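Biologist: Before we talk about any single feature, could you show me the sequence and the model, and then take me through how to read them?

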Amino acid sequence: MSRLTEKPAFCPAVRIATLLAVILCLPALLRAQTNQNASESTSSTPAPVVGGTPDERAASVQAAAPMAMQTPQELPSACGERSYVTAVPVEGQYIAMTFDDGPSAALTPHLLDILKQRNIKVTFFVLGQLVQEHPEIIARAVAEGHEIANHSWDHKALNKLGEGGLKHELSDTSEAISKVTGKPVTLMRPPYGATNPRLNRAIEKEYGMKVILWSVDPFDWKRPGPQAVSQRILAGTKPGAIILAHDIHPGTIEAMPATFDALLAKGYKFVTVSELLAMESKNPTPAPAASPSPAVQKSAKSKKKAA
Ligand SMILES: [Zn+2]
């Protein structure tokens, strides 16, 4: 938008084009603003937890400040460069499964076993402080073909931080990851999905990472039980989907074998988020027509209420 409004309108044609662009973009901008407000109103900075295992600390952070309850929406490309990704239009039934808030010493190795048995590659959005505590889990995930991405140092809501705090959350985490993987970190997911266009641009331009949100959210952090987690993921997944889950909840890990097997049986192929981004297509595979399950309808209702 800024590029359009900065251009001087010398002739009526340019003026009309500008006016049309503004009219076309207005609903999207309003939606983006609503998302931003919803995100800010439903997320809060987690209280630091003293003691307990890293997993308990991470779990209590999640419980203390639940994730923003809205499914993020994408700005249409007509309004300029998009500032974050929720799904990728692709040809073929490719999807990206993502796991946040780990690594968990108790659960992530078990998840890696489940993934290895099925030759499934996923993306882990990890916390810097946990990478520092369990570099061996990250090293194993990389050796087995998974992607490691940034999810902040200790799960702070980035939209509440000043420049120094943001630098710590982003740079120190990327550094801790790169120390293990030997590769630069190119993807970032803000905790709670709490972000805004300005922050997204800063993460991309100043820190060199693309902001990745999600298109399928099973609300597994609410611990609804393995069956509900599995059912919600199966009901919401379409070609190009980015699926959110957390490898710090036992119920989530318990749900994964059946979830993976059902998705594989439907013909879905798992790739990392970077691989999915590289597959972006102008002729994407359409989503299969399917009515959402009662669990998903219920979850959509609760989403609306919270947002
Ligand atoms: Zn998180």
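**Reading the model, step by step**

Modeller: Let us begin with one residue and its surroundings: leaving out residues up to four places away in sequence, Pro218 touches Val229, Arg232, Ile233 and Ala245.

Biologist: Where does Pro218 sit, and why does Pro218 count as buried?

Modeller: Pro218 lies in the loop between strand S5 (210-211) and helix H9 (226-236). Pro218 counts as buried because 27 C-beta neighbours fall inside 10 Å, and the cut-off for that label is 20 or more. The C-alpha atoms of Pro218 and Val229 are separated by 5.3 Å, although these residues are 11 apart along the chain.

Biologist: How much of the model can I trust at this level of detail?

Modeller: This is a predicted model, and a useful habit is to look at the confidence before the geometry. The mean pLDDT of the chain is 78, with 67% of its residues reaching 70 or more. Over residues 1-14, pLDDT stays under 50, and the model has nine contacts beyond four places in sequence for them. Over residues 24-80, pLDDT likewise stays under 50, and there the model has 91 contacts beyond four places in sequence.

Biologist: What does the secondary structure of the chain come to, and what percentage of its residues count as buried?

Modeller: The chain has 12 helices and seven strands, and 42% of its 307 residues count as buried. For contacts between residues at least 6 apart in sequence, 80% join residues at least 24 apart.

Biologist: Which strands pair with S1, and in what sense do they run?

Modeller: To read a sheet, one takes a strand and asks for its partners in turn. Strand S1 (residues 94-100) has six of its seven residues buried. Strand S6 (residues 242-246) runs parallel to S1 and is joined to S1 by five bridges, with Phe99 standing opposite Ala245. Strand S2 (residues 123-126) is also parallel to S1, over three bridges, and here Thr98 has Thr123 as its bridge partner. Strand S7 (residues 269-270) pairs with S1 in the parallel sense over two bridges, Phe270 being the bridge partner of Ile95.

Biologist: How many bridges join S2 to S3, and which way do the residues of S3 point?

Modeller: Four bridges join S2 to S3, and the two strands run parallel; Thr123 stands opposite Glu147 in S3. From strand S3 (residues 147-150), Glu147 and Ala149 point one way while Ile148 and Asn150 point the other way, and all are buried.

Biologist: What do S1, H4 and S2 make together, and which residues of H4 are buried?

Modeller: S1, helix H4 (residues 108-118) and S2 make a right-handed β-α-β unit. For the helix itself, the general idea is that an α-helix has 3.6 residues a turn, so residues three or four places apart point the same way. In H4, Thr108, Leu111, Leu112 and Leu115 are buried. Seen down the axis of H4, these buried residues fall within an arc of 100°, so they line one face of the helix. On the other side of H4, Asp113 and Gln117 are exposed. The cover over the buried residues of H4 includes S1, helix H6 (135-143) and helix H10 (250-265). After H4 comes Asn119, with a positive phi near 55°.

Biologist: Which residues touch the most other members of the largest nonpolar core?

Modeller: In soluble globular proteins, nonpolar side chains tend to be buried together. Here the largest nonpolar core has 65 residues, and those touching the most other members are Phe124, Val126, Ala149, Met188, Ile212, Ile242 and Ile243. H10 gives the most to this core, with five residues. Leaving aside neighbours within four places in sequence, Ile242 has contacts that include Ala96, Ile212, Trp214 and Val273.

Biologist: Why does Phe124 count as buried, and what does Phe124 touch?

Modeller: Phe124, in strand S2, counts as buried because 27 C-beta neighbours lie inside 10 Å. Not counting residues up to four places away in sequence, Phe124 touches Phe99, Gly102, Ala141, His146, Ile148 and Ala149. The C-alpha atoms of Phe124 and Asp247 are separated by 8.7 Å, with their positions 123 residues apart along the chain.

Definitions and conventions:
Residues are numbered from 1 along each chain as its sequence is written. A residue is buried if 20 or more other C-beta atoms lie within 10 Å of its own, exposed if 12 or fewer, and partly exposed in between; C-beta atoms are placed from the backbone. Two residues are in contact if their C-beta atoms, placed from the backbone, lie within 7 Å. Two strands pair if DSSP finds at least two bridges between them. A crossover is right-handed if, with the strands pointing away from the viewer, the path from the first strand over the helix to the second runs clockwise. The arc is that of the directions from the helix axis to the C-beta atoms. A nonpolar core is a set of buried Ala, Val, Leu, Ile, Met, Phe, Trp, Tyr and Cys residues joined through C-beta atoms within 7 Å. pLDDT is the predictor's confidence in each residue, from 0 to 100.
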